[in-house]
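Q: Hi! Got a few minutes to go through a model with me? I'd like to talk about its packing and its charged pairs.

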Amino acid sequence: MTKPDADEGKLYLRVFAYRPTAPMAGDLEGRMKGFLSSSPINENLDDPQFGAVTGSNFKADYLLSSRAIIAELKALQLGTAKQRVEDRLRGRFARRDAPMVFGTMNVSSVIDALDDSEEIYALLNALNSRALRERLKHANKQIGNIRTALSLHASSGMVIVLNDKEPMTTVQNLASTIHLALTEPEDRHPNVKFVWAIVETHSINTPDGSLGFPMFVAWRGQITTDEQLALSWLVGGWATANAADLCELPNDLEVMTPVYPHGAPVISPFRP
C-alpha cells in the first residue's frame with residue numbers, strides 16, 4: 001500500500017479483492033484471529049499479561065505491529081437485518097397507494113415505482129447498517145479504554161469488520177456506513193483512525209473477469225511509517241494466509257457491486 005497526500009477530515013479508501021486458490025478452513029473470525037496471532041509483533045489482549053485490564057466489554061482485542069495500532073474485531077452475525085427490512089417494507093406496501101403484486105418479483109422494481117422511493121431506500125440502508133453503527137460506537141470506547149489503561153497515546157485505533165454470515169449487509173453498505181460514521185461532525189468516533197472490512201457473503205468482479213472476496217481499508221489523516229508497515233502486512237499477509245491472489249481495484253462503489261454465485265438473499269415483504 002502507498003500513502004496518498006493526506007487531507008485532514010477526509011476519508012480515504014483502498015479497495016481490494018482476494019481470490020483463494022484452495023478451500024479455506026474455518027469461519028472468517030477464526031481465520032482472522034489465527035492470522036493476527038501469527039505475528040510475534042502482535043499481542044492478544046486476552047493474554048495473561050493483560051490480566052489487570054479485564055472485561056471484554058472494556059478492552060479491545062489486539063495490539064498490532066509493536067503497538068502501533070490498537071485493534072478491535074467486530075464480526076457481524078446473522079441477525080435481524082432481514083427482518084427489520086421486511087417489516088418496514090411490509091408496512092409501506094400495506095398503504096393504499098402501494099401496488100398489488102402477484103407471484104414473485106424484484107422488490108426494487110416495486111420500490112422504484114413509488115413516489116417516495118428515495119426516502120424508502122435511505123431508510124432501508126439505515127436499518128441494514130444499524131448493527132455496524134452500534135459496533136463502531138462500542139469499538140471506539142474499547143479502543144479508547146485500552147489507550148488510556150496502557151498509556152498508548154501515540155497508537156492509532158483500528159476496527160476490523162468481518163462479515164461472512166449476514167448476506168443483507170454488502171461491502172457497499174459497509175463502505176457507505178463507515179464513510180458517514182467517520183465523517184459526520186456529530187459522531188466521528190475519535191479513537192478510530194482505520195477500518196479494515198472483509199466480506200465473504202458475496203464476491204465482486206475483478207478486472208480479469210474472475211470473482212474475488214471484497215475488502216477495503218478506510219482511514220483518516222496522515223499515515224505514519226509504522227502504520228504503513230502494519231497496513232501492508234495486514235492486507236498482503238491476509239491474502240497469503242488464505243492462499244489467495246490479491247488485486248487492488250479502483251475506489252468506486254460500482255466496483256463493489258455484489259455478486260452472489262449461489263443466489264442473492266431473498267426477502268418477503270408481501271408475506272401476511
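Q: Which residues touch the most other members in the largest nonpolar core?
A: Happy to help! This is a predicted model, so local features need pLDDT of at least 70 and side-chain atom pairs count only at pLDDT 80 or more, while totals for chains, interfaces and linings use all residues. Residues are numbered from 1 along each chain as its sequence is written, and side-chain values use heavy atoms, with hydrogens and water left out. In the largest nonpolar core, which has 36 residues, the ones touching the most other members are Ile146, Val159, Val161, Leu174, Ile178, Val195 and Phe216.

Q: What counts as a nonpolar core here?
A: A set of buried Ala, Val, Leu, Ile, Met, Phe, Trp, Tyr and Cys residues joined through side-chain atoms within 4.5 Å. Buried means under 20% relative accessible area, exposed over 50%, and partly exposed in between (1.4 Å probe, protein chains only).

Q: Which element gives the largest share of this core?
A: That's H6, with six residues. At least two residues each come from S1, helix H5 (130–149), S5, H6, S6, S8 and strand S9 (244–249). Helices (H or I, at least four residues) and strands (E, at least two) are DSSP runs, numbered from the N terminus.

Q: What does Val195 touch?
A: Leaving out residues up to four places away in sequence, Val195 touches Leu136, Val159, Val161, Ile178, Leu182, Phe216, Val217 and Ala218. Contact means heavy atoms within 4.5 Å.

Q: Switching to helix H1, which of its residues are buried?
A: In H1 (residues 28–37), they are Leu28, Arg31, Met32, Phe35 and Leu36. They sit on the same side of H1, because they cover an arc of only 130 degrees around the axis. That arc is taken from the directions from the helix axis to the C-beta atoms.

Q: And what covers them?
A: The cover includes strand S3 (62–64), strand S4 (69–75), strand S5 (156–163), S6 and H7.

Q: Now the charges: how many salt bridges are there?
A: Ten in the whole structure. A salt bridge is a side-chain nitrogen of Lys or Arg within 4 Å of a carboxyl oxygen of Asp or Glu.

Q: What does Arg19 pair with?
A: Asp208, with the closest N and O atoms 2.9 Å apart. Arg19 is in strand S1 (residues 11–20) and Asp208 is in the loop between strand S7 (204–205) and strand S8 (211–220), 189 residues apart.

Q: Is each one buried or exposed?
A: Arg19 is buried at 18% relative accessible area, whereas Asp208 is exposed at 55%.
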